[in-house]
Amino acid sequence: VKETIVNIKKRDNDVAAFLTLNEEEALRQAEELDRKGFDKDNPLFGIPLGIKDNIVTKNLRTTAASKILENFDPIYNATVMDKLQAAAAITIGKTNMDEFAMGGSTENSAFKVTKNAWDQTKVPGGSSGGSAAAVASGEVIAALGTDTGGSIRQPASFNGIVGVKPTYGRVSRYGIIAFASSLDQVGPLTRSVKDNALVLNAISGLDPHDSTSSKQAVPDFTAKLDGNIKNMRIAVPKEFIGKGVATEVKEAIKKAITTFEKLGAVVDEVSLPHSKYGIPVYYIIASSEASSNLQRFDGIRYGHRAQDVKNLEDVYVKSRSEGFGDEVKRRIMLGTFSLSAGTYDAFFKKAAQVRTLICRDFEHVFADYDLILGPTTPTPAFGIGEDVKDPITMYLNDILTVPVNLAGLPGMSLPAGSSNGLPIGLQLIANRFDEETMYRAGYAFE
Ligand code: GLN
């Protein structure tokens, strides 16, 4: 813990991954664990972890990188935090992110811009950019992120590490500052596949506080890491390697396919015909849910409250106008519009219907295949300041990750080479609650 703190203070001058350090409390916990004695059966014993700042941590400032929560000290722990504590892991600090997890570059943080660990002129991706940069720069060996439309997998891809979004319902969302409740999941970012499986082991499972968490038994995600993927059936959707995907990314994916074939897998091309509607469907559904979830930030209950107000409505309007950043306001407006009487049928309802078609595409593929393979992102990391002024360009980057959230499936990004000094990510997608197959294939490949 001591060394990690020293290391973070040094490395964070370059990457700016952390918003808050938990220095005193982390040291106190480490001393307590020392007194108890090392537990060799507990793989996370005493391991310092980075935690994305939209995961509530008792008595430790939790901002979701928003001005509206700048001074918010939660009075309870998210379930994943209780579980990590039970596993004797130590929270070393809270990592930077796009405000309320809305974005793909961590440039939407109200506090600072995190840098890519490989090249500080490039974005680390987002919204879990702080967690990804913290792991890739060697500050911590693991961190938690959240993934609503790619926010674990995309920054993992941009930083050359392993990021997993579990099946919807695998991990409790209790105490996660809600963005889009039907899409949000917590997951680990790590340097290796095995580390990732170990962290997921610790945070998974049914939680009475989250009615969408699943009763499904939690296997040991490390159990099938034996390198054997003989006869595994892998599908490559032709839409994932089509136009819009950079040549160097396609090349890396082709190489990965050859590697999987050498390992004994059978790889075929398939089609996910409705995935092309993923972006509009996702941005309507995610923004609609966000507009509802973010109503609770009213200037009364948490965080920032405007001064000089004349009446109650003024408290709401001024606090929210001052507290939310531009991207969050854009989503609230888009979502409120999509849900309004008069536009509901044409937008939200239509998006929900197309979502079902996207889910069915995946069901058809998983009737015949164990795994889907493709790139995580159409390009490697882009430059800081490059896309942030144009929301549509930024949204289009999510084309390969959002269908997975819409269908509630587990997805992994793992390193598959690099181009011009920037990492390229390979995405593996498994059937619902079949993270084991995804980990097995990832482990055989890495
Ligand atoms: N980039 C996507 C968005 O801006 C995904 C965000 C996420 O997964 N939290 O909504």
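Two residues are in contact when heavy atoms of theirs lie within 4.5 Å. The structure is a predicted model, in which local features need pLDDT of at least 70 and side-chain atom pairs count only at pLDDT 80 or more, while totals for chains, interfaces and linings use all residues. Residues are numbered from 1 along each chain as its sequence is written, and side-chain values use heavy atoms, with hydrogens and water left out.

**Exercise 1. Find the residues that UniProt lists for "active site", and describe where K52 and S151 lie and what they touch.**

Step 1. The unreviewed UniProt entry lists K52, S127 and S151 under this name; such positions are given in the numbering used here, feature names are shortened, and annotations may be inferred rather than shown by experiment. Although these residues are spread over 100 residues of sequence, they cluster in space, with a largest C-alpha distance of 10.9 Å.

Step 2. K52 belongs to strand 2, residues 48–52, whereas S151 sits in the loop between strand 4 (142–147) and helix 5 (153–159). Here helices (H or I, at least four residues) and strands (E, at least two) are DSSP runs, numbered from the N terminus.

Step 3. A residue is called buried under 20% relative accessible area, exposed over 50%, and partly exposed in between, using a 1.4 Å probe and protein chains only. K52 counts as buried because its relative accessibility is 0%, and S151 counts as buried because its value is 6%.

Step 4. Leaving aside neighbours within four places in sequence, S151 is in contact with K52, A101, G103, G126, S127, S128 and T146. On the same terms, the residues that K52 touches include K94, T95, S127 and S151. In addition, the side chain of S151 reaches the backbone nitrogen of S127 at 2.7 Å.

**Exercise 2. Describe the surroundings of the ligand, beginning with the closest residues.**

Step 1. The ligand is surrounded by 14 residues, counted as near if one of their heavy atoms lies within 4 Å of it. The closest are T148, G149, S151, Y282 and R331.

Step 2. The shell around the ligand divides into five nonpolar, six polar and three charged residues.

Step 3. Backbone N or O atoms lie 2.8 Å from a ligand oxygen atom in the case of T148 and 2.6 Å from a ligand oxygen atom in the case of G149. A nitrogen atom of the ligand, in turn, is 2.9 Å from an N or O atom in the side chain of D398. Taken alone, the ligand exposes 290 Å², and the protein buries 99% of that area, where accessible areas come from the Shrake-Rupley method with a 1.4 Å probe.

**Exercise 3. Decide whether T4 is buried or exposed, and name the residues that it touches.**

Step 1. T4 lies in helix 1, which covers residues 2–15.

Step 2. Because its relative accessibility is 14%, T4 counts as buried.

Step 3. Not counting residues up to four places away in sequence, T4 touches P48, I92, E139 and V140.

**Exercise 4. State how many residues of helix 4 are buried, and examine K122 in the loop before this helix.**

Step 1. Eight of the eight residues of helix 4 are buried, among them G129, S131 and V135. The helix is followed by G138, whose phi is positive, near 85°.

Step 2. K122 lies in the loop between strand 3 (90–95) and helix 4 (129–136).

Step 3. Although K122 and A381 are 259 residues apart along the chain, their C-alpha atoms are separated by 6.1 Å. Among the residues that K122 touches are A381, F382 and L422.

Definitions and conventions:
Polar contact = N/O pair within 3.5 Å; in protein donor to acceptor, adjacent residues only side chain to side chain. Nonpolar A, V, L, I, M, F, W, Y, C, P; charged D, E, K, R; others polar.
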